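Please look over the sequence and the structure shown below before reading on. The paragraphs that follow start from a single pair of residues and work outward from there.

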Amino acid sequence: MVFLSRKEHFNAAHKLYNPNWSEEKNVEVFGPCANANWHGHNFELIVTVKGEPDPETGFVVDLKKLSRLIRDEVIEKVDHKNLNIDVDFMHGKMASTENLVIEFWKILEEKLPNITDNGKLHSLKLYETPRNYVEYYG
Ligand SMILES: Nc1nc2c(c(=O)[nH]1)N=C([C@H](O)[C@H](O)COP(=O)(O)OP(=O)(O)OP(=O)(O)O)CN2
């Protein structure tokens, strides 16, 4: 079994704000992340696919195809966007890194069979800042 990864990049704005809470409670829980006028992050998304290399190509998945898939299906939808407002799959959800990575997984798990017969989605690692990141295994 080989684990193969591709890193992609996007930047996006968001705020962490629960509309069911008072302004005071939002500030207490989320601090400056609840700032009404948003804030931005440079995100890094690392997608790891696992499988046996195909005997004819030596590939688990063609990294060019994987990059294109991630960019077309995920990055395009979030890059230079406001995660709370512009991104359909985040509507009604808190725009946390945890919730974002779960939505990315749903998209990529469904689309991956279009580009590989032998690779399966293993994990997503999403960096919100160079020091804060989440890992998700489905
Ligand atoms: N469980 C979560 N906690 C927090 C999330 C999140 O998505 N899930 N997000 C945030 C903020 O959006 C943001 O990540 C915090 O930024 P910041 O505190 O500035 O983080 P830095 O690593 O850049 O700064 P340090 O000073 O090094 O902490 C908050 N919590």
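In strand β2, the residue that serves as bridge partner of A12 is H41. The model in which this pair is found is a predicted one, in which local features need pLDDT of at least 70 and side-chain atom pairs count only at pLDDT 80 or more, while totals for chains, interfaces and linings use all residues. Residues are numbered from 1 along each chain as its sequence is written.

The pair A12 and H41 belongs to a longer ladder, for strand β1 (residues 2-14) and strand β2 (residues 39-51) run antiparallel and are joined by 13 bridges. Here a strand is a DSSP run of E with at least two residues, a helix is a run of H or I with at least four, and both are numbered from the N terminus; two strands pair if DSSP finds at least two bridges between them. Strand β1 is also joined to β3, this time in the parallel sense and by 2 bridges, and there A13 stands opposite N82. At another place, β4 and β5 pair in the antiparallel sense over 4 bridges, with K125 having E135 in β5 as its bridge partner, and a hairpin of 5 residues joins β4 to β5.

Put together, these strands form an open sheet of 5 strands in the order β3-β1-β2-β4-β5, with mixed pairing. Because β3 (81-82) and β5 (133-136) stand at the edges and have a single partner strand each, one side of each is left without a neighbour in the sheet.

The chain has 3 helices as well as its 5 strands, and along the sequence they follow the pattern β-α-β-α-β-α-β-β. Helix α2 (residues 63-78) lies across β1, β2 and β3 and runs at about 20° to β1, whereas helix α3 (residues 97-111) lies across β2, β4 (120-127) and β5 and runs at about 150° to β4. Such angles run from 0 to 180 degrees between N-to-C directions, with axes as lines fitted to C-alpha atoms, for helices over the stretch in contact.

What lies in the largest nonpolar core, and which of its residues touch the most other members? The core has 22 residues, of which L45, V47, V49, I70 and L108 touch the most other members. The elements that give two or more residues to this core are β2, α2, α3 and β4, and α2 gives the most, with 5 residues. A nonpolar core is a set of buried Ala, Val, Leu, Ile, Met, Phe, Trp, Tyr and Cys residues joined through C-beta atoms within 7 Å, and a residue is buried if 20 or more other C-beta atoms, placed from the backbone, lie within 10 Å of its own. In soluble globular proteins, nonpolar side chains tend to be buried together.

L45 can be followed further, since it is the bridge partner of E8 in β2. Leaving aside neighbours within four places in sequence, L45 is in contact (C-beta atoms, placed from the backbone, within 7 Å) with E8, I70, V74, F104, L124 and L126.

Of the 138 residues of the whole chain, 20% count as buried.

Conventions
Contact = placed C-beta atoms within 7 Å. Buried ≥ 20, exposed ≤ 12 C-beta atoms within 10 Å, placed from the backbone.
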